[in-house]
Amino acid sequence: MTREEALEIAAAAGAEETIGAPEPEIREGWLALARGSTAFWIGAVIVAIAILFGLVSPNNVFVKADNLLTIGLNASQIMLLAIGMTFLIGAAQLDLSIGFSLILASVLSAKTIVALGGTTEQVARGEYPNLALAVTAGIVVAIGAGAGIGLLNGLLVTRLRLNSFIVTLATSGIAYGVALILTSAANVPFVPDQLQSGFGAAKFLGVIPYPLVVALVVAGFFWWVLRRTRFGLRTLAIGSSREAAIRAGIDVDAHLVKLFVLMGALVGVAAVFDLARNASTNVVGHQSDNLAAIAAVVIGGTSLFGGIASVGGSLLGTLIPVMLGNGLVIMRVEPFYQFVAVGVILILAVYFDQRRRERSS
Amino acid sequence: MTAVPGSEVAIRATGIVKHFGHLEALRGADLVLRPGQILALVGDNGAGKSTLTKIICGALAPDDGELRFWDEPVRVQSTRHAHELGVYTVYQDLALAPDLSVADNLFLGREAIAGGWQGWFGVLERGAMHVETRAALGRLGINVRNLNVPVRNLSGGQRQALAVARAINWATTAVLMDEPTAALGPMQSAIVYETVKAAAARGLAVLVISHDIPRMLSVAHRIAVMRHGRVITELDAGAVKLADVIGLMLGEEVAA
Ligand SMILES: Nc1ncnc2c1ncn2[C@@H]1O[C@H](COP(=O)(O)OP(=O)(O)OP(=O)(O)O)[C@@H](O)[C@H]1O
Ligand SMILES: [Mg+2]
C-alpha cells in the first residue's frame, strides 16, 4: 500500500481526523458565561466592588477619578510583584520571599543612598550634594539585591532539587532577619524627600502617578513577552509539563533560574517604589505582599498548576485587594477586613481553577 | 520486503547497561540503526525497549556501554544534544505539553523566531509555525481546523499523531518511535506507517517499538528481539515467521 492509497482509504472511510472541533455551545445566561471566562469573572467582581463602594461612599468619592488613580498608585507595587509571580506560577513555581526580599532590598538601597548622598552631617540636615549619583546607585543596589535573592532562590530550587515553596519560605526568613539585623528593626533615617517629590508622589502630565505609569509599562512589556516570545512559550511549557519541556530540549533549570531572577529584579523595582512613596523604608510592613501578589495572580486566571498564565488578569487581580482596602478606609471601617476578603477570594479562585482542571482532564 | 542496503551505520549502541536501583533494566544491549532502514524492536513488557530508546535519545544516561553516531563515539548528554545529532523521538507517553497549542507543541524547543530586532527578543513567528504545523499534520492525514487549541483538548489518537508528526518533521538522522500507533485506529496507523516508510525512503534511520508484530513484519526491514535487557537477535523481517518472533520474545530456543 502506498501512502496515497492509505490516505484514500482513510478519506473514504471518513477516518480523516480533524483537530479543533467547533467550540462547544455556550450555555445561556451570564452565570454560565462567568464560570467559563476568568476575565469576565474578575471584571464582574471589580465592577461590583466599584458600584458598591461608589454608592455607599460619601458623595460617591470612591468612583471619582482622583480616587481611582490613588487605587492605581496603591496597586502599583503589587502589580510589579504580580507580574513576576505570573511567570513563576505559570511555570508551576512559587516565590514566598518577595515581601521580605523587598524590605531587604529597600534597606540596602536606602543605606546606599544615604551613604553616597553626602556626609553624615549633610544628610542629617537634608542636604544631598551627590543626589543623582546616590539615587542611581540606590536603584542599582535595590534591583541587584532583589535579583541576587532571586538568583539564590533559583539556584537552590534547581541545583538542590528543592521545592520552591520551601526554599522561598526559608529565604524569606533569611531576608527578613538580615534586614532587621542591618537596621535593628528601625527604619533607615534621612532618605531624601526628593525621591518622593520627584517620583513617588509625582504625576505624569500632572495626572497619572509615575509609579503607576512605570508599573503599567512594565506590565505591557511582560504581557507581550508572555504572549509573543519564545521566553513566554517556554515558561508555560515548563509549567504545563516539565518532562515534555526537558524532552523538547529546553534547558529547564536555566530557564527557572531566569524566572526567579526576573521576579527578584521586579521586587527590587518595587523596593525603589517603596522608598519613593514613603521617603523611608518600611521594615515592619509588607507582611501581606506575598498574599496580595499570589492572590492577584491566581484570581487573574493563572493556574497554580502552571501552564496557563495571564499578565492582564494579574493586573486586574491586584485591584481587588487595593479597592477593598481603599473603600473600607473611605467608609471609616477598619481596612483589615480586606485581608479576610482576599483570603476568601483566593480560596474561591483556587477552587475554581482546580474544578476547571478536573473537568478538562 | 527487501532490506535497504548500505554498510553505513547511523547509530550503533553497544553493551548498554542501565540499572534502576537493584533492577537491571538493560544488561548489555546492542542495536544498530542504518539510514533508510526501518528496524522494529519487539519484546515482552518490561524487556527494556523504552529504556534503550531513552538512552539513545539522551533522555536517560547509561551506566555502561557505548553509543556511536556515524561511527563517532558520542556521550549523549541530553535530548537537546540528541536533537543536535538529528535524532528525534516519539515517547511512549508522548511528552506533549497539554496546555500549549498544537503548533506550539510541534515547535517546542525549535521555535521559529522572527528576524531583526524581534529576533533579539525571541519573538515567535506564529504564522510560519502554523503553516508548517498544518503541513506536517496534513502529511499524516490529519486535517487541522484550529491550531490554537490546547493539546489537552485533542483525542488520544490526535495527540499521538502530533507526536509522530513532530519527530518526523525535525529528524535528520533517526526517528525513534515508542509504540507510535498504540492509540490509533487502523486507518490512522496505516497512514502513520506509510509516512514512516516515506521518511525511511528519504534516508532516515527508523526505530519502531510495537507489540503489533504482524504489522512490524510487513512494515520493517529488520526486526530486533529484546528479552530481559538484551537484544537477543536481529532478523530479516521479510524472512521470519510470526510464531518464531513470539517464541524468541518468550524465550524459546528457535533455530535461526
Ligand atoms: N524510571 C524507572 N525507574 C525504575 N524502574 C524503571 C524505570 N523505567 C523502567 N523501569 C523498569 O525497567 C524495566 C524495563 O522497562 P521498559 O520501560 O524499558 O520496558 P519496555 O520494554 O518498554 O516495556 P513495555 O512494553 O511495557 O513498554 C521494567 O522492569 C521497568 O519496570
Ligand atoms: Mg515501553
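At 44% relative accessibility, B:Gln92 counts as partly exposed, whereas B:Ser50, with a relative accessible area of 18%, falls under the 20% limit and is therefore buried. Both residues belong to a predicted model, and both serve as protein donors of the magnesium ion (ligand 2), B:Ser50 through OG and B:Gln92 through OE1, at 1.9 to 2.3 Å from the ion. Because B:Ser50 sits in helix 1 (residues 49-56) of chain B while B:Gln92 sits in the loop between strand 6 (87-90) and helix 3 (102-107) of that chain, the pair ties together parts that are 42 residues apart in sequence.

**Surroundings of ligand 1**

The two magnesium donors also figure in the description of ligand 1. There are 14 residues around ligand 1, and those that come nearest are B:Asn45, B:Gly46, B:Lys49, B:Ser50 and B:Thr51. B:Gln92 has a polar side-chain atom 3.1 Å from an oxygen atom of ligand 1, and the table sets this contact beside those of B:Gly46 and B:Thr51.

| Residue | Protein atom | Distance to an oxygen atom of ligand 1 |
|---|---|---|
| B:Gly46 | polar backbone atom | 2.9 Å |
| B:Thr51 | N or O atom in the side chain | 2.5 Å |
| B:Gln92 | polar side-chain atom | 3.1 Å |

**Helix 1 of chain B**

Helix 1 of chain B is largely enclosed by the rest of the structure, because seven of its eight residues are buried. Among these buried residues are B:Lys49, B:Ser50 and B:Thr51, which are also listed with the residues that come nearest to ligand 1; B:Leu52, B:Thr53, B:Ile55 and B:Ile56 complete the buried set. Just after this helix, B:Gly58 adopts a positive phi of about 80°.

**The cavity**

A search of the whole structure returns one cavity of 30 Å³ or more, and the volume of the largest cavity is about 110 Å³. Its lining draws on both chains, with A:Ala244, A:Arg247 and A:Ala248 from chain A, and B:His83, B:Tyr88, B:Thr89, B:Tyr91, B:Ala95, B:Leu108, B:Arg166, B:Ala167 and B:Trp170 from chain B. Two or more lining residues come from each of helix 12 (242-247) of chain A, strand 6 of chain B and helix 6 (156-170) of chain B. Helix 6 of chain B makes the greatest contribution, giving three residues to the lining. Sorted by class, the residues that line the largest cavity comprise eight nonpolar, two polar and two charged ones.

Key:
Residues numbered from 1 in each chain as written. Chains lettered and ligands numbered in written order. Predicted model: local features only at pLDDT ≥ 70, side-chain atom pairs only at ≥ 80, totals over all residues. Heavy atoms only, no water. Donors = N, O, S within 2.8 Å, 3.2 Å for Na, K, Ca; no water. Helix = DSSP H or I, 4+ residues; strand = E, 2+ residues; numbered from the N terminus. Buried < 20%, exposed > 50% of the residue type's maximum accessible area, 1.4 Å probe, protein only. 1 Å grid on protein atoms, 1.4 Å probe; cavity = no way out; pocket = protein on both sides within 12 Å on 5 of 7 lines; lining within 4 Å. Points joined across faces, edges and corners; volume = space filled by probe spheres on them. Nonpolar A, V, L, I, M, F, W, Y, C, P; charged D, E, K, R; others polar. Near = heavy atom within 4 Å. Polar contact = N/O pair within 3.5 Å; in protein donor to acceptor, adjacent residues only side chain to side chain.
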